[in-house]
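Please work through the exercises below with the sequence and the model at hand. Each task is followed by a solution in steps.

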Amino acid sequence: ELSEKQLSEELTILNALSNKEFSLSLSPLKTLLGKNIFHYQSSFGVIFPFVEASVKKISASIISEIAPALAKLHSLKFSSEELTPIRHHTEVGHNFKSISSFLDHPQCPQDFKDAFHQIFNTDRISRVSQSFSETIIHGDLYYDNCLFSNDHILKKIIDFEQAGIGSRILDIGISISGSCLYDDRIDSELTKLFIDHYQLHLTLTEQEYKSIDDFIHVGLFSIALWRIYRFFIGDLNPSRKLSYQQLINRSINYEHRS
(Lines give C-alpha, C1' and ligand atoms only; values in the text may rest on other atoms or scores of the structure.)
Protein backbone atom coordinates (compact mmCIF):
# COMPACT_ATOMS: atom_id res chain seq x y z
CA GLU A 1 0.00 0.00 0.00
CA LEU A 2 1.06 3.61 -0.55
CA SER A 3 2.68 5.44 2.31
CA GLU A 4 1.54 8.99 3.03
CA LYS A 5 4.91 10.18 1.70
CA GLN A 6 4.41 8.35 -1.60
CA LEU A 7 0.86 9.68 -1.87
CA SER A 8 2.11 13.21 -1.26
CA GLU A 9 4.79 12.74 -3.95
CA GLU A 10 2.15 11.54 -6.40
CA LEU A 11 0.03 14.61 -5.67
CA THR A 12 3.06 16.82 -6.29
CA ILE A 13 3.27 15.32 -9.77
CA LEU A 14 -0.45 15.77 -10.41
CA ASN A 15 -0.14 19.38 -9.29
CA ALA A 16 2.76 19.93 -11.69
CA LEU A 17 0.67 18.53 -14.55
CA SER A 18 -2.29 20.67 -13.55
CA ASN A 19 -0.08 23.75 -13.60
CA LYS A 20 0.74 22.92 -17.23
CA GLU A 21 -3.00 22.54 -17.98
CA PHE A 22 -2.65 18.86 -18.77
CA SER A 23 -6.35 18.06 -18.85
CA LEU A 24 -6.08 14.27 -18.83
CA SER A 25 -4.89 13.96 -15.23
CA LEU A 26 -7.08 14.36 -12.15
CA SER A 27 -6.74 16.90 -9.36
CA PRO A 28 -7.96 15.87 -5.89
CA LEU A 29 -10.72 17.68 -4.05
CA LYS A 30 -9.54 19.74 -1.09
CA THR A 31 -10.68 19.20 2.47
CA LEU A 32 -12.35 21.94 4.51
CA LEU A 33 -8.86 22.74 5.80
CA GLY A 34 -7.64 23.27 2.25
CA LYS A 35 -5.56 20.07 2.19
CA ASN A 36 -5.35 17.45 -0.57
CA ILE A 37 -4.88 14.53 1.82
CA PHE A 38 -7.57 13.78 4.41
CA HIS A 39 -7.01 12.02 7.74
CA TYR A 40 -9.60 10.00 9.61
CA GLN A 41 -8.52 8.16 12.74
CA SER A 42 -5.52 6.07 11.60
CA SER A 43 -6.39 6.29 7.90
CA PHE A 44 -5.53 8.80 5.20
CA GLY A 45 -6.37 9.25 1.54
CA VAL A 46 -7.53 11.56 -1.23
CA ILE A 47 -10.86 12.11 -2.95
CA PHE A 48 -10.93 12.68 -6.69
CA PRO A 49 -13.89 14.16 -8.56
CA PHE A 50 -16.27 11.72 -10.23
CA VAL A 51 -15.62 11.09 -13.92
CA GLU A 52 -18.34 9.62 -16.09
CA ALA A 53 -16.07 7.26 -17.97
CA SER A 54 -14.84 3.68 -17.84
CA VAL A 55 -12.12 1.27 -18.92
CA LYS A 56 -12.66 -0.15 -22.41
CA LYS A 57 -11.43 -3.33 -24.06
CA ILE A 58 -8.25 -3.12 -26.13
CA SER A 59 -8.90 -2.13 -29.73
CA ALA A 60 -7.36 -0.02 -32.48
CA SER A 61 -9.53 2.96 -31.51
CA ILE A 62 -8.42 2.69 -27.88
CA ILE A 63 -4.73 2.53 -28.84
CA SER A 64 -5.16 5.51 -31.15
CA GLU A 65 -6.32 7.52 -28.11
CA ILE A 66 -3.75 6.30 -25.58
CA ALA A 67 -0.66 6.89 -27.72
CA PRO A 68 -1.18 10.61 -28.44
CA ALA A 69 -2.19 11.16 -24.83
CA LEU A 70 1.18 9.78 -23.73
CA ALA A 71 2.90 11.96 -26.32
CA LYS A 72 1.10 15.03 -24.94
CA LEU A 73 2.31 14.15 -21.44
CA HIS A 74 5.87 13.79 -22.72
CA SER A 75 5.60 17.08 -24.61
CA LEU A 76 5.09 19.16 -21.46
CA LYS A 77 8.00 21.49 -20.78
CA PHE A 78 9.35 21.88 -17.26
CA SER A 79 12.15 24.03 -15.94
CA SER A 80 14.82 22.57 -13.68
CA GLU A 81 13.19 24.44 -10.80
CA GLU A 82 9.80 22.88 -11.57
CA LEU A 83 11.32 19.39 -11.65
CA THR A 84 13.24 19.79 -8.38
CA PRO A 85 10.40 18.55 -6.11
CA ILE A 86 9.49 15.68 -8.48
CA ARG A 87 10.75 12.22 -7.53
CA HIS A 88 12.61 10.03 -9.99
CA HIS A 89 10.67 7.12 -11.45
CA THR A 90 13.15 4.63 -9.95
CA GLU A 91 11.97 5.59 -6.44
CA VAL A 92 8.66 3.84 -7.18
CA GLY A 93 9.28 1.89 -10.41
CA HIS A 94 12.03 0.05 -12.23
CA ASN A 95 14.30 0.85 -15.15
CA PHE A 96 16.84 -1.46 -16.77
CA LYS A 97 19.51 -0.73 -14.18
CA SER A 98 17.29 -1.68 -11.24
CA ILE A 99 15.98 -4.74 -13.13
CA SER A 100 19.48 -6.07 -13.80
CA SER A 101 20.57 -5.30 -10.22
CA PHE A 102 17.69 -7.41 -8.92
CA LEU A 103 19.28 -10.55 -10.36
CA ASP A 104 21.59 -10.58 -7.31
CA HIS A 105 18.70 -10.30 -4.84
CA PRO A 106 18.48 -13.43 -2.67
CA GLN A 107 14.75 -13.73 -3.43
CA CYS A 108 15.02 -13.24 -7.19
CA PRO A 109 13.01 -16.11 -8.77
CA GLN A 110 15.07 -18.42 -10.97
CA ASP A 111 12.63 -18.14 -13.88
CA PHE A 112 13.02 -14.34 -13.79
CA LYS A 113 16.82 -14.74 -14.02
CA ASP A 114 16.54 -17.28 -16.84
CA ALA A 115 14.15 -15.09 -18.84
CA PHE A 116 16.37 -12.03 -18.32
CA HIS A 117 19.43 -13.82 -19.73
CA GLN A 118 17.37 -15.16 -22.62
CA ILE A 119 16.08 -11.71 -23.60
CA PHE A 120 18.91 -9.32 -22.80
CA ASN A 121 21.93 -10.21 -24.88
CA THR A 122 25.03 -7.99 -25.06
CA ASP A 123 23.73 -5.86 -27.95
CA ARG A 124 20.36 -5.23 -26.30
CA ILE A 125 21.99 -4.38 -22.97
CA SER A 126 24.19 -1.87 -24.78
CA ARG A 127 21.18 -0.22 -26.44
CA VAL A 128 19.01 0.07 -23.33
CA SER A 129 21.95 1.32 -21.27
CA GLN A 130 22.34 4.45 -23.41
CA SER A 131 21.39 7.85 -22.05
CA PHE A 132 17.93 9.03 -23.04
CA SER A 133 16.30 12.38 -22.40
CA GLU A 134 14.04 12.43 -19.36
CA THR A 135 10.79 14.11 -18.40
CA ILE A 136 7.80 13.31 -16.20
CA ILE A 137 6.53 9.86 -17.15
CA HIS A 138 3.45 7.93 -16.05
CA GLY A 139 5.31 4.67 -15.49
CA ASP A 140 2.28 2.36 -15.73
CA LEU A 141 0.08 3.49 -18.60
CA TYR A 142 -1.66 0.21 -19.29
CA TYR A 143 -5.01 0.46 -21.07
CA ASP A 144 -6.83 -0.13 -17.77
CA ASN A 145 -5.41 3.08 -16.33
CA CYS A 146 -7.30 5.02 -19.00
CA LEU A 147 -10.94 6.07 -18.69
CA PHE A 148 -13.01 6.49 -21.84
CA SER A 149 -16.40 7.91 -22.71
CA ASN A 150 -18.97 5.62 -24.30
CA ASP A 151 -17.86 6.77 -27.74
CA HIS A 152 -14.24 5.74 -26.94
CA ILE A 153 -12.82 9.21 -26.33
CA LEU A 154 -10.11 9.25 -23.68
CA LYS A 155 -11.31 11.36 -20.77
CA LYS A 156 -8.75 10.79 -18.01
CA ILE A 157 -5.52 8.98 -17.21
CA ILE A 158 -5.44 7.59 -13.68
CA ASP A 159 -3.04 5.88 -11.24
CA PHE A 160 0.14 7.95 -11.20
CA GLU A 161 1.48 5.70 -8.42
CA GLN A 162 4.63 4.91 -10.46
CA ALA A 163 5.01 8.34 -12.04
CA GLY A 164 8.21 10.35 -11.79
CA ILE A 165 11.13 11.62 -13.83
CA GLY A 166 12.28 9.02 -16.33
CA SER A 167 12.95 8.38 -20.01
CA ARG A 168 9.99 8.66 -22.32
CA ILE A 169 11.10 5.58 -24.31
CA LEU A 170 10.77 3.52 -21.10
CA ASP A 171 7.26 4.95 -20.65
CA ILE A 172 6.40 4.02 -24.24
CA GLY A 173 7.75 0.51 -23.75
CA ILE A 174 5.71 0.04 -20.58
CA SER A 175 2.55 1.37 -22.20
CA ILE A 176 2.87 -0.80 -25.30
CA SER A 177 3.66 -3.85 -23.19
CA GLY A 178 0.37 -3.52 -21.30
CA SER A 179 -1.89 -2.06 -23.98
CA CYS A 180 -0.97 -3.38 -27.43
CA LEU A 181 -2.15 -6.89 -26.65
CA TYR A 182 -4.06 -9.55 -28.50
CA ASP A 183 -4.56 -12.96 -26.90
CA ASP A 184 -2.17 -11.89 -24.10
CA ARG A 185 0.65 -11.32 -26.58
CA ILE A 186 2.23 -8.13 -27.88
CA ASP A 187 0.49 -7.39 -31.18
CA SER A 188 2.71 -5.96 -33.92
CA GLU A 189 -0.12 -4.11 -35.71
CA LEU A 190 -1.31 -2.42 -32.51
CA THR A 191 2.31 -1.57 -31.66
CA LYS A 192 2.80 0.10 -35.04
CA LEU A 193 -0.48 1.96 -34.59
CA PHE A 194 0.68 3.14 -31.16
CA ILE A 195 3.99 4.49 -32.50
CA ASP A 196 2.35 6.14 -35.52
CA HIS A 197 -0.23 7.93 -33.36
CA TYR A 198 2.36 8.89 -30.75
CA GLN A 199 4.45 10.53 -33.47
CA LEU A 200 1.51 12.57 -34.70
CA HIS A 201 2.18 14.70 -31.60
CA LEU A 202 5.81 14.06 -30.73
CA THR A 203 8.54 12.73 -33.00
CA LEU A 204 10.84 10.12 -31.54
CA THR A 205 14.57 10.55 -31.93
CA GLU A 206 16.36 8.02 -34.14
CA GLN A 207 17.91 6.55 -30.99
CA GLU A 208 14.48 6.11 -29.36
CA TYR A 209 12.89 4.68 -32.50
CA LYS A 210 15.58 2.03 -32.88
CA SER A 211 15.13 1.04 -29.23
CA ILE A 212 11.36 0.51 -29.22
CA ASP A 213 11.47 -3.30 -29.21
CA ASP A 214 14.19 -3.28 -26.56
CA PHE A 215 12.12 -1.10 -24.25
CA ILE A 216 8.99 -3.17 -24.75
CA HIS A 217 11.02 -5.93 -23.11
CA VAL A 218 12.27 -3.55 -20.41
CA GLY A 219 8.68 -2.47 -19.84
CA LEU A 220 7.56 -6.06 -19.35
CA PHE A 221 10.37 -6.79 -16.90
CA SER A 222 9.78 -3.48 -15.12
CA ILE A 223 6.17 -4.31 -14.25
CA ALA A 224 7.12 -7.95 -13.58
CA LEU A 225 9.60 -6.75 -10.97
CA TRP A 226 7.00 -4.42 -9.48
CA ARG A 227 4.71 -7.43 -9.10
CA ILE A 228 7.51 -9.52 -7.56
CA TYR A 229 8.15 -6.91 -4.87
CA ARG A 230 4.44 -6.48 -4.24
CA PHE A 231 3.11 -10.04 -4.43
CA PHE A 232 5.99 -12.54 -4.49
CA ILE A 233 8.24 -10.95 -1.86
CA GLY A 234 5.66 -8.63 -0.28
CA ASP A 235 2.93 -11.31 -0.23
CA LEU A 236 0.20 -8.64 -0.39
CA ASN A 237 -2.09 -10.93 -2.37
CA PRO A 238 -1.22 -14.65 -2.34
CA SER A 239 -3.44 -15.30 -5.36
CA ARG A 240 -1.16 -13.01 -7.42
CA LYS A 241 2.13 -14.40 -6.09
CA LEU A 242 3.17 -15.70 -9.51
CA SER A 243 1.53 -12.98 -11.62
CA TYR A 244 4.98 -11.72 -12.67
CA GLN A 245 5.30 -14.85 -14.82
CA GLN A 246 2.63 -13.55 -17.20
CA LEU A 247 4.89 -10.63 -18.08
CA ILE A 248 8.15 -12.51 -18.54
CA ASN A 249 6.25 -15.01 -20.71
CA ARG A 250 4.98 -12.12 -22.83
CA SER A 251 8.58 -11.01 -23.26
CA ILE A 252 9.73 -14.47 -24.32
CA ASN A 253 6.82 -14.82 -26.76
CA TYR A 254 7.48 -11.38 -28.22
CA GLU A 255 11.16 -12.16 -28.68
CA HIS A 256 10.29 -15.32 -30.59
CA ARG A 257 7.89 -13.44 -32.87
CA SER A 258 10.10 -10.37 -33.47
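The exercises concern a helix, two loop residues and a set of aromatic rings.

The model is predicted: local features need pLDDT of at least 70, side-chain atom pairs count only at pLDDT 80 or more, and totals for chains, interfaces and linings use all residues. Residues are numbered from 1 along each chain as its sequence is written, and side-chain values use heavy atoms, with hydrogens and water left out.

**Exercise 1. Determine whether the span of helix H7 agrees with its number of residues, and state how many of its residues are buried.**

Step 1. Helices (H or I, at least four residues) and strands (E, at least two) are DSSP runs, numbered from the N terminus. Helix H7 covers residues 168-179, which is 12 residues.

Step 2. The expected span is 1.5 Å times one less than the number of residues. For H7 this gives 16 Å, and the end C-alpha atoms are 16 Å apart, which agrees.

Step 3. Buried means under 20% relative accessible area, exposed over 50%, and partly exposed in between (1.4 Å probe, protein chains only). In H7, 12 of the 12 residues are buried, so the helix is largely enclosed by the rest of the structure. Among them are Arg168 and Asp171.

**Exercise 2. Locate Asp159 and Asp184, and classify their exposure.**

Step 1. Asp159 is in the loop between strand E5 (154-157) and strand E6 (164-167). Its phi is near 60 degrees, a positive value in a residue other than glycine. Asp159 counts as partly exposed because its relative accessibility is 30%.

Step 2. Asp184 is in the loop between strand E7 (181-182) and strand E8 (185-186). Although Asp184 is not a glycine, its phi is positive, about 60 degrees. With 36% relative accessibility, Asp184 counts as partly exposed.

**Exercise 3. Describe the geometry of the aromatic pair formed by Phe232 and Tyr244, and the surroundings of Phe232.**

Step 1. Rings of Phe, Tyr and Trp (its six-membered ring) pair if their centres lie within 6.5 Å; planes under 30 degrees apart count as stacked, over 60 as edge-to-face and the rest as tilted. The structure holds 11 aromatic pairs.

Step 2. Phe232 and Tyr244 are edge-to-face, at 5.7 Å centre to centre with 80 degrees between the planes. The pair links distant parts of the chain, with Phe232 in helix H10 (residues 212-233) and Tyr244 in helix H11 (residues 244-257), 12 residues apart.

Step 3. Phe232 is partly exposed at 21% relative accessible area, whereas Tyr244 is buried at 2%.

Step 4. A charge sits over a ring if NZ of Lys or CZ of Arg is within 6 Å of the ring centre and within 35 degrees of the ring normal. Lys241 lies over the face of Phe232, at 4.8 Å from the ring centre.
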